[in-house]
Amino acid sequence: MKPRRELFPHVIEMNHQARRQMGCCVYLVYDGDEWALIDIGYTDTLEDIVGIIRQLDFPLAQCKYLVATHADVDHIQGMKRAKEMMPQAQVIGHPHAAKLMAEGERIMTYAEIAAQGISIDLPTIQFDKTINEGDVLQIGSLNLEVWHTPGHAPAQLSFRMGNLLLSGDNIYRDGCVGNIDAHHGSDLPAFVKSLKRIQASDVEWLLPSHGPAFKKDNAHLQKTIDRLEQYQHMADFGTCAVDWPLLDEWDEELAKS
């Protein structure tokens with residue numbers, strides 16, 4: 001058995017465990033005989049991840065949940081194969097993610113971006129159940145409180161466990177956020193609301209879906225909130241913006257000309 005490199009008690013992150021980047025953060029949360037995976041990443045990294053899990057002496061038959069934080073292909077492409085390897089594990093996530101993944105929808109999941117020549121295989125999968133705001137996942141004696149934190153994607157979920165928040169693509173250590181794209185279903189007002197919720201909470205550590213975990217800093221969050229609030233009024237973000245003040249100014253100028 002290899003030593004378990006816990007990020008926090010009861011939490012192992014696969015990139016951190018492997019000491020190399022394998023894609024999005026995949027969190028293994030465990031207590032007693034039960035464990036779960038929060039996201040799974042691409043299919044081509046699944047064998048490596050499962051190999052690490054076995055080396056850490058987590059029996060595959062004791063995986064309780066395979067959780068999709070949302071339906072982006074880089075988070076869930078390997079989910080179908082993971083379910084085949086761990087059939088007793090329940091595949092769960094937000095209802096919107098369940099719909100996209102059952103349909104194999106390709107635009108909102110970023111599996112197909114024609115302008116950039118991106119076309120990624122996306123196996124369809126049926127969820128065993130859906131979860132949403134206020135639900136609680138039990139893993140051994142641990143309770144993970146489900147937060148619906150949309151903005152980056154309609155289905156984005158975060159999971160609170162004590163002073164930790166597995167915060168998805170809401171914010172990263174450098175202040176960046178998950179992609180904002182109308183075709184993806186991004187919603188800037190919702191994004192700001194989700195960030196303000198995280199800011200107002202008493203969680204102490206954020207465990208994002210990309211990059212390292214970091215201590216919650218409200219000033220750091222405020223800089224990102226301020227930036228996204230500006231984006232709401234910028235043509236740069238197209239139909240994700242709520243208005244474009246320049247056009248109102250132009251109306252006034254035209255009326256006076």
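L7 is partly exposed, at a relative accessible area of 24%; the term covers values between buried, under 20%, and exposed, over 50%, computed with a 1.4 Å probe on protein chains only. The residue sits in the segment before strand 1 (11–13). Helices here are DSSP runs of H or I with at least four residues, strands are runs of E with at least two, and both are numbered from the N terminus. Not counting residues up to four places away in sequence, L7 touches I12, E13, H16, Y27, L207 and A213, where contact means heavy atoms within 4.5 Å. One of these partners, L207, is 200 residues from L7 in sequence, while the two C-alpha atoms are 9.4 Å apart in space.

Before I continue, a word on the source. This is a predicted model, in which local features need pLDDT of at least 70 and side-chain atom pairs count only at pLDDT 80 or more, whereas totals for chains, interfaces and linings use all residues. Residues are numbered from 1 along each chain as its sequence is written, and side-chain values use heavy atoms, with hydrogens and water left out.

Let me turn to the protein as a whole. Its secondary structure amounts to eight helices and 14 strands. The radius of gyration is 19 Å, close to the 18 Å that the globule rule gives for 257 residues, so the protein is as compact as a globular protein of that length. That radius is taken over C-alpha atoms, and the globule rule is 2.2 Å times the number of residues to the power 0.38. Along the principal axes, the C-alpha atoms fill a box of roughly 80 × 40 × 35 Å. Of the 257 residues, 50% are buried. Among contacts with a separation of 6 or more, 62% join residues 24 or more positions apart.

I come next to a pair of helices. Two packed helices are described by the angle between their axes and the distance between the axes. How do helix 6 and helix 7 cross, and at what angle? The axes of helix 6 (residues 188–200) and helix 7 (residues 218–231) come within 10 Å and cross at roughly 170 degrees. Axes are lines fitted to C-alpha atoms, for helices over the stretch in contact, and angles run from 0 to 180 degrees between N-to-C directions. The two helices are therefore roughly antiparallel to each other, a label given to angles over 145 degrees. From helix 6 the contact draws on L188, F191, V192, L195, K196, I198 and Q199, and from helix 7 on N218, L221, Q222, T224, I225, L228, E229 and Y231. Sorted by class, the contact has nine nonpolar, four polar and two charged residues. Here Ala, Val, Leu, Ile, Met, Phe, Trp, Tyr, Cys and Pro count as nonpolar, Asp, Glu, Lys and Arg as charged, and the others, Gly among them, as polar.

Several loop residues deserve attention. H184 is placed in the loop between strand 12 (164–168) and helix 6. Is H184 buried or exposed? At 1% relative accessibility, H184 counts as buried. Leaving aside neighbours within four places in sequence, H184 is in contact with D72, M108, Y110, H152, A153, P154 and N179.

On the other side of helix 7, M234 lies in the loop between helix 7 and helix 8 (245–256). M234 is partly exposed, at a relative accessible area of 28%. Beyond neighbours within four places in sequence, M234 is in contact with A241 and D243. The C-alpha atoms of M234 and P245, eleven residues apart along the chain, are separated by 8.0 Å.

A71 belongs to the loop between strand 4 (63–67) and helix 3 (73–76). A71 is buried, with a relative accessible area of 4%. With neighbours within four places in sequence left aside, A71 is in contact with I76, A97, L100, M101 and T109.

The loop between helix 2 (43–55) and strand 4 holds D57, and F58 lies there too. D57 has a phi near 65 degrees, a positive value in a residue other than glycine, and is partly exposed at 47% relative accessible area. F58, by its 5% relative accessibility, counts as buried. Leaving aside neighbours within four places in sequence, F58 is in contact with R4, I12, L28, Y30, W35 and I53. F58 and L28 are 30 residues apart in sequence and 9.9 Å apart in space, C-alpha to C-alpha.

Finally, R19 also has a positive phi in a residue other than glycine, near 60 degrees. R19 is located in the loop between helix 1 (14–18) and strand 2 (27–31), and at 66% relative accessibility counts as exposed.

Definitions and conventions: Parallel < 35°, antiparallel > 145°, perpendicular 65-115°, else oblique.
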